[in-house]
Amino acid sequence: MLHVENVTKIFGQTRAVDAASFSVGEPAMIGIIGRSGAGKSTFLRMMNRLTDASSGRIVFDGTDVLALKGGDKRAWQSQCAMIFQQFNLVPRMDVVSNVLHGLLNRRGTLPTLFNMWPKADIRRAIEILDRLGIAEQAGKRAEALSGGQQQRVAIARALMQDPRVILADEPIASLDPMNAQVVMDALRRIQQEDGRTVIANLHTLDTARRYCDRVIGMRDGRIVFDGVPAQLTLAAAREIYGAGAAFREQATSTAMDVPEDAPKDEAYAASLLAD
Ligand SMILES: Nc1ncnc2c1ncn2[C@@H]1O[C@H](COP(=O)(O)OP(=O)(O)OP(=O)(O)O)[C@@H](O)[C@H]1O
Ligand SMILES: [Mg+2]
């Protein structure tokens with residue numbers, strides 16, 4: 001389905017992504033982890049064609065994604081929806097219109113100018129909001145919602161495109177632990193029920209282990225780990241994060257073996273990985 005071959009991005013002297021390769025055969029939930037500057041965002045942006053790669057190939061169902069131009073490129077971008085840490089909603093616009101904006105790539109700008117959408121599209125937008133548990137917020141301005149609700153609106157907007165792949169760049173980094181859980185649960189459910197692939201940059205090991213089928217670890221632009229959560233041992237985590245003595249073994253292994261009923265404390269897990 002998806003083949004990433006030696007994808008590289010060079011900014012001046014920096015190899016932000018350095019010959020990254022991996023393949024995805026079946027729809028899956030994939031987490032990308034790595035310290036700040038490892039190249040996680042740059043990689044997602046190349047996949048979505050927000051940033052051009054310096055070299056390499058990305059092939060999705062036989063299509064050479066990095067070679068797409070014009071309308072074909074826009075079609076790919078709607079097949080490969082993106083979600084951001086800061087939600088990127090239009091704050092003063094109502095929720096349902098924000099969701100309908102997911103159709104922009106497909107329908108052009110005319111309906112948006114007049115805020116006129118076909119009834120069937122509006123119905124679908126509300127169904128998607130309902131599926132995410134926020135249909136009753138449809139008429140409110142986006143800025144009036146909590147962070148967790150806003151991120152679910154962003155997911156709804158992505159789903160409006162009916163994407164094959166959802167790319168999420170630190171989708172829960174701005175949320176409190178409870179909202180983070182709601183949003184990760186929503187992404188996981190969409191991935192499994194709809195058979196879409198989700199690739200999410202995550203800032204804690206804990207979240208990657210809890211939610212993902214597969215974890216990719218990046219360090220200095222390179223993929224240094226690619227495996228199932230059970231393979232993400234302390235040694236593997238050290239290799240990914242490049243952590244030395246400050247990487248406290250006992251505390252980290254606690255974070256890495258969280259019992260099912262343990263409180264989900266993202267901030268705590270993140271603090272364990274800080275130098
Ligand atoms: N537009 C740009 N121009 C120049 N350098 C850039 C640009 N974007 C990213 N970089 C550099 O590329 C490297 C990878 O950055 P990237 O944002 O992909 O990392 P990241 O893993 O997403 O980090 P974070 O966890 O902080 O979000 C960094 O060294 C960064 O400074
Ligand atoms: Mg980033």
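Let's start with a pair of strands: β9 and β10 run antiparallel and are joined by five bridges. This is a predicted model, so keep that in mind as we walk through it. β9 covers residues 214-219 and β10 covers 222-227, and the two make a hairpin with two residues between them. At the end of β9 you'll find Arg219, whose bridge partner in β10 is Arg222.

Now look at the turn itself. Asp220 sits in the loop between β9 and β10, and its phi is positive, about 50 degrees, even though Asp220 isn't a glycine. That's worth a second look, because most residues other than glycine have a negative phi. Is Asp220 tucked away? Not fully: with 16 other C-beta atoms within 10 Å, Asp220 counts as partly exposed.

There's another aspartate to visit. Asp61 isn't a glycine either, and has a positive phi of about 45 degrees. You'll find Asp61 in the loop between β4 and β5. Asp61 counts as exposed because 10 other C-beta atoms lie within 10 Å, and the cut-off for exposed is 12 or fewer.

The strands on either side of that loop lead us into a sheet. β4, residues 55-60, pairs with β5 in the antiparallel sense over two bridges. One residue to look for here is Phe60, whose bridge partner in β5 is Thr63. Zoom out and you'll see four strands forming an open sheet, in the order β2-β1-β4-β5, with antiparallel pairing. As a bit of background, strands of a sheet pair through backbone hydrogen bonds, either parallel or antiparallel. The edges of this sheet are β2 (14-24) and β5 (63-64), each of which pairs on one side only. Packed on the sheet is helix α1, residues 40-47, which touches β1 (2-11), β2 and β4. The direction of α1 makes about 60 degrees with that of β2.

Helix α1 and strand β2 turn up again at ligand 1, since each supplies at least two residues of the shell around it. The biggest contributor to that shell is α1, with three residues. Around ligand 1 you'll find Phe11, Thr14, Ala16, Gly34, Ser36, Gly37, Ala38, Gly39, Lys40, Ser41 and Thr42. Sorted by class, the shell has seven polar residues, three nonpolar ones and one charged one.

Next, the inside of the protein. The largest nonpolar core has 74 residues, and helix α7 (residues 147-160) gives the largest share of this core, seven residues. In soluble globular proteins, nonpolar side chains tend to be buried together. The residues with the most contacts inside the core are Val99, Val153, Ile155, Ala156, Leu167 and Leu187.

Take Val153 as a place to stop and look around. Setting aside neighbours within four places in sequence, Val153 is in contact with Leu89, Val95, Asn98, Val99, Ile134, Ala142 and Leu145.

Finally, step back to the whole protein. There are 12 helices and 10 strands, and 40% of the 275 residues count as buried. Among contacts with a separation of 6 or more, 68% come from residues 24 or more positions apart.

Terms used
Residues are numbered from 1 along each chain as its sequence is written. Chains are lettered from A and ligands numbered from 1 in the order in which they are written. This is a predicted model: local features need pLDDT of at least 70, side-chain atom pairs count only at pLDDT 80 or more; totals for chains, interfaces and linings use all residues. Two strands pair if DSSP finds at least two bridges between them. Two residues are in contact if their C-beta atoms, placed from the backbone, lie within 7 Å. Axes are lines fitted to C-alpha atoms, for helices over the stretch in contact, and angles run from 0 to 180 degrees between N-to-C directions. A residue is near a molecule or strand if its C-beta atom, placed from the backbone, lies within 6 Å of it. Ala, Val, Leu, Ile, Met, Phe, Trp, Tyr, Cys and Pro count as nonpolar, Asp, Glu, Lys and Arg as charged, and the others, Gly among them, as polar. A nonpolar core is a set of buried Ala, Val, Leu, Ile, Met, Phe, Trp, Tyr and Cys residues joined through C-beta atoms within 7 Å. A residue is buried if 20 or more other C-beta atoms lie within 10 Å of its own, exposed if 12 or fewer, and partly exposed in between; C-beta atoms are placed from the backbone.
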